[in-house]
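User: I would like to know how the terms used for a structure are justified. Please walk me through the reasoning.

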Amino acid sequence: MTEASDYRYRIRSAEIMPIYDSRARQTLSVTVCTADASGTGVAPAGASRGHHEAHELRDPDGGLISACAKFRQEIAPRLLGMDCRNQLGIDEALITLDSTDNRSRLGANTLIATSMGAIALAAASAGMPLWQYLAEAHEATEMCMPLPQIQILGGGAHADGRLPLQDFMVVPLGAEDWPTALSWVAEVYHAAGRLMSERGLLRGVADEGGWWPNLESSEAALDLLVLAIETAGRKPLDEIAISLDIAANQFYHDGCYHVDGEALTPHAWVEKLLRWTRRYPIRMVEDPCAEDDPVNYAAFYEGFHPKGLIVGDDLVVSNGARIRRAVKDRQINAALIKPNQVGTLTEAHEALLSCPVPIVSARSGETEDSCIVDLALGWQAPLIKVGSIARGERTAKWNRGLRIHQAHPMPLMRFPHPDNQSKL
Ligand code: 2PG
Ligand code: MG
């Protein structure tokens, strides 16, 4: 590479601005430029968070004035002159500048928007879509699209706690490709909406676009979901399985799990959840127990593995070391990878490599940004989670996948076997 060609990749400017997310809250957008290309990264935001997530920097009133000021004073000058292809160097510079363990000085929101802006710029400079740029870097050859898990009903922190469990999702694991997978899920979504509307149970949509139902219990929601799959003409389990994000942190208080009007001991809760996994076509369960109840998390694992995936989210917060420990302690066999839970793309990728079954995931607070699909595909994650199939910030992601598939048809990933520990 000549010096003149290197010069094309030098960062010439970096700018930040607040924009709005899907909950009408401000979030950060960072644009990084060379002389003839630009890349933009946007920070998403979670509502149900693990205590060990990297810190989101906000002013006391929720604004982002101090995050923007710190970016302009410290981050932008540090980026100038750096080679945009040097993602590791850029992310290390961000981590060093921040200098805290939990990214609280500059904020994980500031860092992830910058880190994503830099990789978007590198891909634009190379004249490639982001997924292809990432795939080339990781030498992916025969590529598959990640298998989507898509929310049909929303509850927990995303629907004012109306249902205790947060996400009732479906996984179209019998579909051959992304367009078929989405069309099956759209049918289930419509069927669920119709069934609830006929019974006067529909209350609108929750934060991630799933229906917000007025159901009396989690079991009523599971019954409805199975009926919706059947009404859509699909075979439960073989063609479409159920995935639950329990987000149990939200209803674990005073040593009990408070579910559907009952205060259950951890043992009783795990037993109940295991009964559901026997009675319903459930193949994935995320955060079955609270992050500070690892013993019962492991008890659930022993009862469910290897029938399906036990997915760590709040427990492991996309942190490579925490993922490795939870896998070793037989608490999880899969984990969500949410880049803003750690702050930089390099750390998120390191977490993905530490995980037997990584699921690249958006957050409940999102924008029209669709780079999460490029990350999941470029990194060849087996699964992707971005909420429901309604609301623009969600369809931006699914439609991004449709456009990629239109130009480069690829098969869907097969549902991973829970014993796949090959990456460890
Ligand atoms: C989760 C996500 C997405 P949030 O818990 O997995 O559903 O929610 O972004 O609020 O953490
Ligand atoms: Mg979760």
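Analyst: Start with contact: it means heavy atoms within 4.5 Å. Note too that this is a predicted model. The chain is divided into domain 1 (9–127) and domain 2 (147–407). By that contact rule, 30 residues of domain 1 are in contact with 30 residues of domain 2. The C-alpha centres of the two domains lie 27 Å apart.

User: How do you know how much area domain 1 and domain 2 bury between them?

Analyst: Buried area is the accessible area that two parts lose on being put together, summed over both. For domain 1 and domain 2 that comes to about 2400 Å². Carbon and sulfur atoms hold 53% of it.

User: What makes Arg 103 and Glu 347 a salt bridge?

Analyst: The rule asks for a side-chain nitrogen of Lys or Arg within 4 Å of a carboxyl oxygen of Asp or Glu. The side chains of Arg 103 and Glu 347 meet at 2.6 Å, N to O. That is within 4 Å, so the pair is called a salt bridge. Between domain 1 and domain 2 the count is three salt bridges. There are also 17 residue pairs in polar contact between these domains.

User: Which element gives the most to the side of domain 1 that touches domain 2?

Analyst: Helix H4 (108–125) gives the most, with six residues. Strand S1 (13–20) and helix H3 (87–98) each give two or more.

User: Why is Gln 331 called buried?

Analyst: Buried means under 20% relative accessible area. Gln 331 has 9%, so Gln 331 is buried. Its place is in the loop between H10 and strand S14 (334–337). Among the residues Gln 331 touches are Tyr 297, Ala 298 and Tyr 301. In helix H9 (residues 294–304), those three are buried as well. What covers the buried residues of H9 includes helix H8 (266–279), S12 and S13.

User: What makes Asp 245, Glu 286 and Asp 313 donors of the magnesium ion (ligand 2)?

Analyst: Donors are N, O and S atoms within 2.8 Å of this metal. These three residues coordinate the ion through OD, OE and OD atoms, at 2.0 to 2.3 Å. Those distances are within 2.8 Å, so the atoms are donors. In sequence the donor residues are spaced D-x40-E-x26-D. Glu 286 is in strand S12 (residues 282–286). Asp 313 is in the loop between strand S13 (309–312) and helix H10 (320–328), 27 residues apart from Glu 286. The pair links distant parts of the chain.

User: Are Glu 286 and Asp 313 buried or exposed?

Analyst: Both are buried.

Terms used
Residues numbered from 1 in each chain as written. Chains lettered and ligands numbered in written order. Predicted model: local features only at pLDDT ≥ 70, side-chain atom pairs only at ≥ 80, totals over all residues. Heavy atoms only, no water. Donors = N, O, S within 2.8 Å, 3.2 Å for Na, K, Ca; no water. Helix = DSSP H or I, 4+ residues; strand = E, 2+ residues; numbered from the N terminus. Buried < 20%, exposed > 50% of the residue type's maximum accessible area, 1.4 Å probe, protein only. Domains from an automatic or database assignment. Buried area = accessible area lost by both parts, 1.4 Å probe. Polar contact = N/O pair within 3.5 Å; in protein donor to acceptor, adjacent residues only side chain to side chain. Lists of a residue's contacts leave out its neighbours within four places in sequence.
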